[in-house]
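Trainee: I am new to this structure and would like a close look at a single part of it. Could you take me through the salt bridges slowly?

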There are 2 protein chains.
Amino acid sequence: MSMHQRRLDLKNGCVDLSHGAGGRAMAQLIAGLFHEAFGNEWLARGNDQSAFDVAAGRMVMTTDGYVVSPLFFPGGNIGSLAVHGTVNDIAMAGARPLYLSASFIIEEGFPFSDLKRIADAMGEAAREAGIAIITGDTKVVERGKADGVFISTAGVGVLPEGLDLSADKAKPGDRVLLSGSLGDHGVAIMSRRQNLTFDTEIISDSASLHGLVADMVAAGGDGIRLMRDPTRGGLAATMNEIAQQSNLGFRLQEDAIRVKPAVAAACELLGLDPLHVANEGKLIAVVASEAAAAVLAAMKAHPLGRDAADIGTAVSDDHRFVQMVTSFGGGRIVDWLSGEQLPRIC
Amino acid sequence: MSMHQRRLDLKNGCVDLSHGAGGRAMAQLIAGLFHEAFGNEWLARGNDQSAFDVAAGRMVMTTDGYVVSPLFFPGGNIGSLAVHGTVNDIAMAGARPLYLSASFIIEEGFPFSDLKRIADAMGEAAREAGIAIITGDTKVVERGKADGVFISTAGVGVLPEGLDLSADKAKPGDRVLLSGSLGDHGVAIMSRRQNLTFDTEIISDSASLHGLVADMVAAGGDGIRLMRDPTRGGLAATMNEIAQQSNLGFRLQEDAIRVKPAVAAACELLGLDPLHVANEGKLIAVVASEAAAAVLAAMKAHPLGRDAADIGTAVSDDHRFVQMVTSFGGGRIVDWLSGEQLPRIC
């Protein structure tokens, strides 16, 4: 549509209501900003949907909304986070991510320059993950009816033949593996929100984990019962979810769970428990004890699993409690977050 | 997770920030409201993604964000609209919709009772369409940072073997078929927004069109060049998009395009051109002239295509103009909407 193409003023321009109205301004925004950033053959076709070939087999689908505040934070922005998060939800099934969709809800007045940084980060995260954002949608709401930009991504992926991870396969004696240290994402967001600075900058761990997962599946196969990424609600919520779904209890070793000193210090300052803080580049795997050593070795050999550790074991427990055993041998129940909240962490 | 299940107060309760925080309150909201409304085996598993079998072939994926205001309108609400819209984007490729995802961004303080009406309408629309909402996400933002609820749906579907609709296949002489009267959805929204009442209530045409599409594909096969649903921007924007993508001009017959008398009257009152007003249950098909009669007959035989009409023809035109020929033989160019806007119509 070269005839109607005017350049967007990406430096000084802003999104207005016409950019969501289905007319020429919207076509210009989509072509000039999103297609530019995501650049692929599907979007270039300009259809309201995109087509791709699939082999016979088993696929997975997932979606996530992103409302993180602030939109830009150390280690990423809402765009990279949206790609990583959706890739990870696919990967947690053991699947290989293929294609993403992206729906943007934008507040009137949002600067093109910020939108471009976000879209560029999405495009880069997608290319790094070896996937494509093949379809999208843009809506604009009046000033004061949203908060900058919200992004909802959905994704599809393909499962390796025969792989069927499921919480109900977990058994007493299974090991719990954690891929790295806790709390980096949530603390990076909260400290930016509170305008805190530390000697060591705390950077979000936001990353695509499907490469790590592929290595784990190659090493452990069916020995992996389930995987989960401890995002909102942190390790505490995720382990309680797993306990409910598997009908088991868990005993975790406190001294096996790593929290970086700077993150621990920030948590103390902010009154947060690292077990409840969101992560965006970590995973928990429940693994049959006989496969645990091989899977842990595969994790440690991957850049995103260098600090992986065996943090505990599944136990038979009608109460489905998650217990933390301290280094002194004491124990406590790790509950879901209930009172306090960390809104808009992702 | 029966142990932790308290009943939500669906009558008087409201969404608060804890319902988006990844803890127990969120689990309760999801189980007590969304699972209840969407009820299917996938959601019951409680994973962050859902798996399904596919045969070898070609699939399509699409997404849309919904920010319609008001949330409830004659003929539907944001929930039914979100399902219909995504089903239709899949159907416009000639594909059969299979599975949907749904991402909710909810403003703190939003009543559970409204959320339940919306979720119930989504569940009902999905069941009517023979599809399932298999995965979802819920985020909550602070009061004043959204407007009630925004929904982003994504969907996947499967293409009949060999079918590849594409604008670049359109040729001069192809016919333009329209499935029914224009403007119902947009006028239903705008009159509700302006608190206008008419003798005849104007009801949104929001509906799933994949059944109509299947009948059209059975009748016309490869003779169908492309289909498009004239949503935001109306028939005018959609025909201009098709003109750009097909590198053709179009000549439409004004007297072949139906607008219900009540809709025409409301448009006059509201200062709207029905050609620019959104539809949510109509489609445009560009069809080879030799297949047009059969496809039109199939449309008329379907409840959602009863008022279908042949409204014009594709012509060779370097300017890719969409022209309207009036009943008196005069002509005018139908341009995209540019100045005025109808924000948040879907």
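Which residues are linked with A:D64 in a network of salt bridges?

Mentor: Please keep in mind that this is a predicted model, and that what follows is read from its computed atoms. The network you ask about links A:D64 with A:R232, B:D137 and B:K139, and these four residues are named from chain A and chain B. As a setting for that network, the structure holds 35 salt bridges over all chains, and a few of them can be followed residue by residue.

Let us begin with a pair that involves both chains. The side chains of A:R58 and B:D53 meet in a salt bridge, with N and O 3.1 Å apart. Because A:R58 lies in strand β2 of chain A (residues 57-66), while B:D53 belongs to strand β1 of chain B (residues 50-54), this pair joins two chains. As for the surroundings of the two partners, A:R58 has a relative accessibility of 29% and therefore counts as partly exposed, whereas B:D53, with a relative accessible area of 56%, is exposed.

We can now turn to a pair within chain A. Here A:D310 forms a salt bridge with A:R175, and the closest N and O atoms are 2.9 Å apart. Since A:D310 sits in strand β12 (residues 309-315) and A:R175 in strand β8 (residues 175-178), the pair ties together parts of chain A that are 135 residues apart in sequence. A:D310 is partly exposed at 27% relative accessibility, and A:R175, with a relative accessible area of 25%, is partly exposed as well.

A corresponding description can be given for chain B, where the side chains of B:D310 and B:R175 meet in a salt bridge at 2.9 Å, N to O. This pair links distant parts of the chain, for B:D310 is found in strand β12 (residues 309-315) of chain B and B:R175 in strand β8 (residues 175-178) of chain B, 135 residues apart. With a relative accessibility of 28%, B:D310 counts as partly exposed, and B:R175, at 26%, is likewise counted as partly exposed.

Finally, a record adds a label to part of chain A: in an unreviewed entry, UniProt lists residues 48-158 of that chain as "domain: PurM-like N-terminal". Over residues 48-158, chain A is 29% helix and 46% strand in this model, and the C-alpha atoms at the two ends are 23 Å apart.

How values were computed. Residues numbered from 1 in each chain as written. Chains lettered and ligands numbered in written order. Predicted model: local features only at pLDDT ≥ 70, side-chain atom pairs only at ≥ 80, totals over all residues. Heavy atoms only, no water. Helix = DSSP H or I, 4+ residues; strand = E, 2+ residues; numbered from the N terminus. Buried < 20%, exposed > 50% of the residue type's maximum accessible area, 1.4 Å probe, protein only. UniProt positions renumbered as here; feature names shortened; annotations may be inferred.
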